[in-house]
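Have the sequence and the fold open side by side for this one. We'll walk through rings, charges and a couple of loop residues.

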Amino acid sequence: MTPPDLSHVSNWVFDLDNTLYPSDADVMSQVDRRMTEYVARELNLSHADARKVQKDYWREYGTTLNGLMANGQVRNGREFLDFVHDIDHSVITPDPQLAEHIRALPGRRYVYTNGSMKHAEDICHHLGLTDCFDDMFDVEAADFKPKPHRSGYDLFSSRFDIKAPESAFFEDSIRNLKTAHEMGWTTILVRARPGPRDEESAGPDDHPDHVHFAVDCLKTFLATAKTKDKAA
């Protein structure tokens with residue numbers, strides 16, 4: 001097969017959860033349970049009703065937190081983020097191969113997450129990726145306007161002077177990649193492994209029209225992609 005041509009890319013933007021680590025890692029399942037617990041406690045709901053509110057808000061507003069804030073049910077977004085990301089990160093296995101491939105990418109490298117900065121730092125620490133990125137951008141930096149909302153992407157692009165034609169975005173979420181595609185970014189869908197997955201992550205056979213590349217293994221894709229340094 002012809003190697004994917006990313007020789008135009010100088011800005012490498014990575015989603016965090018279910019993208020930098022495998023979708024079957026017990027990370028987002030922990031976060032998901034913490035979200036249900038938080039909604040049940042704050043809204044005085046049963047587990048079943050809290051679960052429904054949680055997922056309805058995710059579908060309508062992009063994230064559960066954005067829905068809670070939009071409906072005046074949460075005032076302190078950071079408190080929510082601290083609670084739901086209070087998880088066991090030891091379930092993550094260090095990935096030195098991935099670190100090597102990311103460090104080798106020519107240009108600037110970023111993490112752009114709907115989670116918190118501390119969560120991003122914890123994940124990257126346990127993966128062994130702490131020194132791989134120039135910077136990280138969390139949902140608080142996006143003024144609590146999560147992906148797929150365009151305003152967050154605009155804030156990210158403005159902060160780091162991101163030029164869309166020179167940028168690639170790696171994501172497990174189809175809807176988050178749609179916004180990036182509309183802005184002119186190269187889009188790479190990191191698909192979930194076969195088996196159970198959360199509602200956000202794309203399945204093993206998903207490859208919608210707004211996705212330039214759909215991959216099953218991030219490391220393999222980065223290892224084989226044609227980049228500026230390899231094209232020279």
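## Charges over rings

Let's settle one term up front: a charge sits over a ring if NZ of Lys or CZ of Arg is within 6 Å of the ring centre and within 35 degrees of the ring normal. Arginine 41 fits that description, lying over the face of phenylalanine 83 at 4.9 Å from the ring centre. Arginine 175 does the same kind of thing with tryptophan 58, where the distance to the ring centre is 4.1 Å.

A word on the ground rules. This is a predicted model, so local features need pLDDT of at least 70 and side-chain atom pairs count only at pLDDT 80 or more, while totals for chains, interfaces and linings use all residues. Residues are numbered from 1 along each chain as its sequence is written, and side-chain values use heavy atoms, with hydrogens and water left out.

## Aromatic pairs

A pair of aromatic rings is described by the distance of the centres and the angle of the planes. Here, rings of Phe, Tyr and Trp (its six-membered ring) pair if their centres lie within 6.5 Å; planes under 30 degrees apart count as stacked, over 60 as edge-to-face and the rest as tilted. By this rule the count comes to 21 aromatic pairs. One of them joins tyrosine 38 and phenylalanine 80, edge-to-face, with 5.0 Å centre to centre and 85° between the planes. That pair links distant parts of the chain, since tyrosine 38 sits in helix α1 (residues 28-43) and phenylalanine 80 in helix α4 (residues 77-84), 42 residues apart. (Helices, H or I of at least four residues, and strands, E of at least two, are DSSP runs numbered from the N terminus.) How buried or exposed is tyrosine 38? It is buried, at a relative accessible area of 2%, and phenylalanine 80 is buried too, at 1%. Buried means under 20% relative accessible area, exposed over 50%, and partly exposed in between (1.4 Å probe, protein chains only).

Next come phenylalanine 137 and phenylalanine 160: their ring centres are 6.2 Å apart and their planes at 75°, so this pair is edge-to-face. Distant parts of the chain are linked here as well, with phenylalanine 137 in strand β3 (residues 135-137) and phenylalanine 160 in helix α7 (residues 150-160), 23 residues apart. Phenylalanine 137 is buried at 1% relative accessible area, and phenylalanine 160 counts as buried at 8%. These two also belong to one aromatic cluster, formed by Tyr110, Tyr112, Phe137, Tyr153, Phe156, Phe160, Phe169 and Trp185.

## Salt bridges

A salt bridge is a side-chain nitrogen of Lys or Arg within 4 Å of a carboxyl oxygen of Asp or Glu. By this rule the count comes to 16 salt bridges. In helix α1, glutamate 37 and arginine 34 are three residues apart, about one helical turn, and their side chains meet at 3.9 Å, N to O. Glutamate 37 is partly exposed at 43% relative accessible area, whereas arginine 34 is buried at 19%. Helix α6 holds lysine 118 and aspartate 122, four residues apart and so separated by about one helical turn; their salt bridge comes in at 3.0 Å, N to O. Lysine 118 is exposed, at 53%.

Aspartate 216 forms a salt bridge with arginine 191, the closest N and O atoms being 3.0 Å apart. This pair links distant parts of the chain: aspartate 216 is in the loop between β6 (213-215) and α9 (218-224), arginine 191 in the loop between β5 (186-190) and β6, 25 residues apart. Aspartate 216 is exposed at 51%, but arginine 191 is buried at 14%. Elsewhere, Asp15, Lys147 and Glu171 are linked in a network of salt bridges.

## Two loop residues

Aspartate 17 lies in the loop between β1 (11-14) and α1. What is the nearest side chain of opposite charge to aspartate 17? It is lysine 147, 8.2 Å away, and aspartate 17 is buried yet has no salt bridge. (Lys and Arg count as positive and Asp and Glu as negative; His and the chain ends are not counted.) The side chain of aspartate 17 does make a polar contact with the side chain of tyrosine 21, at 2.7 Å. A polar contact is a pair of N or O atoms within 3.5 Å; within protein, one must be able to donate a hydrogen and the other to accept it, and residues adjacent in sequence count only if both atoms are side-chain atoms.

Asparagine 114 is found in the loop between β2 (108-112) and α6 (117-127). Its side chain reaches the backbone nitrogen of lysine 147 at 2.8 Å. Not counting residues up to four places away in sequence, asparagine 114 touches (heavy atoms within 4.5 Å) Thr63, Val139, Pro146, Lys147 and Asn176.
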